[in-house]
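Welcome, and please open your viewer. This tour tells you what to select at each stop and what you will find there.

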Amino acid sequence: MLQGDEASDAGAERAPGVQAPAPGALPTVDQPTAGSLPARVPGLADERGSDLSGASVRCSAALGDPPTRNGVNYSVGLRVHVTRSGQSQTTLCDVLEEVNRIWWQQAGVCFDVEVVSHDEVSMTQLDLWFESRAPFPNGVDANGVYGGAHEIYSLDEPSLQLTRYPVARPAARTAAHELGHALGLRHQNCGSACDELLMRSGTTGFALVSDSPADVDEIDVVRTNMQASVGGAAVRELGGGQACLGALLNLVESGP
Ligand SMILES: [Zn+2]
C-alpha cells in the first residue's frame, strides 16, 4: 500500500511554497477525519441550472465573478471518470460546479471538464476518478489521493470534519483539494487555524488564503506555476470577460 503524507504534516508547519510533483513522488493522501457530515449549508454563491434531459449534456457554468488579477484567468483541462461512481448526473453537475466555483471565485482558475464513463487517461487533461468506495485502484484507502496528473481519486461521499464555513458538497471539497495538489499546492495543516483552508487535510473548508500574515499566497503560487504543475494538461488563458465552460457529460461513448 502506498504511504500517505498525512501523519508527517499534521503539526504546525506551513506550506513553504510550490513544488511541482516529482516523478515517482509519493502520492498525497487524505485520510478520513472523525466528524459528521454537515447539514447542507451554502458555501459559495449557487447560481446553477442544468439541463440533464439529453444523453450528452453540459452542466451550467454560472460560476460568479473571478478575482481581478492581471486581467487574465485560466482554464485547465480535466477528464473526470465515473466508471465506479454512484453519483447521479444531477449530483455530478452540482459537485463539478462547486469545484469550479471554489477555484474560479478565489483564484480565477476553472477546470474545462469532460466527464467520461471509461478509464482511458488523457494526455491533454488531468485525470480524476470519482469512486463510490475506497481503497482506490492504486491501493490507497482515504477520502482522496493525488498520485500524479493522471492518478487522482476522490470519494463520492468523503468523511470530513465540519468547519464553520463548509462547502455545500463534501465530494466537491475533496475533489477541489486533490486538484489543488495537481496545481502544485501542498497541505496547510497548521491545526484549527487552518481548518477553513482548502489545502487543510480532511475538513470541509475551502478558503485558499487565510488571515495569517505568515500564509503563502496560494493563489499566486498556482497562477505562476500552473503550466509546470499540471503535467501536460492543456491550460487556456481566458481574457477579460471570457467565461468557463460548464462540464460536458459525455457518457454515451464507451471510449477508445
Ligand atoms: Zn491532500
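Two strands count as paired if DSSP finds at least two bridges between them. Helices (H or I, at least four residues) and strands (E, at least two) are DSSP runs, numbered from the N terminus. Residue numbers start from 1 along each chain as its sequence is written. The model is predicted: local features need pLDDT of at least 70, side-chain atom pairs count only at pLDDT 80 or more, and totals for chains, interfaces and linings use all residues.

**Stop 1: the whole chain**

Begin with everything selected. The protein chain has 3 helices and 9 strands, and from the N terminus they follow the order β-β-β-α-β-β-β-β-α-α-β-β. A residue is called buried if 20 or more other C-beta atoms lie within 10 Å of its own, exposed if 12 or fewer, and partly exposed in between, with C-beta atoms placed from the backbone. Of the 256 residues in the protein chain, 47% are buried. Two residues are in contact if their C-beta atoms, placed from the backbone, lie within 7 Å. Among contacts in the protein chain with a separation of 6 or more, 76% are between residues 24 or more positions apart.

**Stop 2: strand β4 and its partners**

Now select residues 109-116, which are β4. Is this strand mostly covered or mostly open? It is mostly covered, with 7 of the 8 residues of β4 buried. Add β3, residues 73-84: β3 and β4 run parallel and are joined by 8 bridges. Within β4, Glu-114 stands opposite Arg-79. To get from β3 to β4 the chain passes through α1, and this β-α-β crossover is right-handed; that is, with the strands pointing away from you, the path from the first strand over the helix to the second runs clockwise.

Next, bring in β9, residues 248-250, which runs parallel to β4 and is joined to it by 2 bridges. Look for Leu-249 in β9, the bridge partner of Val-115.

**Stop 3: helix α1**

Select residues 89-107, helix α1. The expected span of a helix is 1.5 Å times one less than its number of residues. For the 19 residues of α1 that gives 27 Å, and the end C-alpha atoms are 26 Å apart, which agrees. Helix α1 is largely enclosed by the rest of the structure, because 14 of its 19 residues are buried. After α1 comes Gly-108, whose phi is positive, near 70°. Most residues other than glycine have a negative phi.

**Stop 4: the largest nonpolar core**

A nonpolar core is a set of buried Ala, Val, Leu, Ile, Met, Phe, Trp, Tyr and Cys residues joined through C-beta atoms within 7 Å. The largest one here has 61 residues, and Leu-96, Val-99, Leu-126 and Ala-176 touch the most other members. Elements giving two or more residues to this core include β3, α1, β4, α2 and α3. Which element gives the most? That is α1, with 9 residues. Zoom in on Val-99: leaving aside neighbours within four places in sequence, Val-99 is in contact with Phe-111, Ala-172, Ala-175, Ala-176 and Leu-179.

**Stop 5: helix α2**

Move to residues 170-182, helix α2. Here 13 of the 13 residues are buried, so α2 is largely enclosed by the rest of the structure. The end C-alpha atoms of α2 are 19 Å apart, which agrees with the 18 Å expected for 13 residues. Just after α2, find Gly-184, with a positive phi of about 100°.

**Stop 6: helix α3**

Select residues 218-229, helix α3. A straight helix of 12 residues would span 16 Å, but α3 spans only 13 Å between its end C-alpha atoms. Its buried residues are Glu-218, Val-221, Val-222 and Ser-229. They lie on the same side of α3, because they cover an arc of only 90° around the axis (the arc of the directions from the helix axis to the C-beta atoms). What covers them includes α1, β4 and α2.

Compare two residues of this helix. Glu-218 counts as buried because it has 26 C-beta neighbours inside 10 Å, whereas Ala-228 counts as exposed with 11. Leaving out residues up to four places away in sequence, Glu-218 touches Leu-185, Met-199, Leu-208 and Val-209.

**Last stop: a cis peptide bond**

Finally, select Ala-134 and Pro-135, which are joined by a cis peptide bond with omega about 5°. Pro-135 sits in the loop between β5 and β6.
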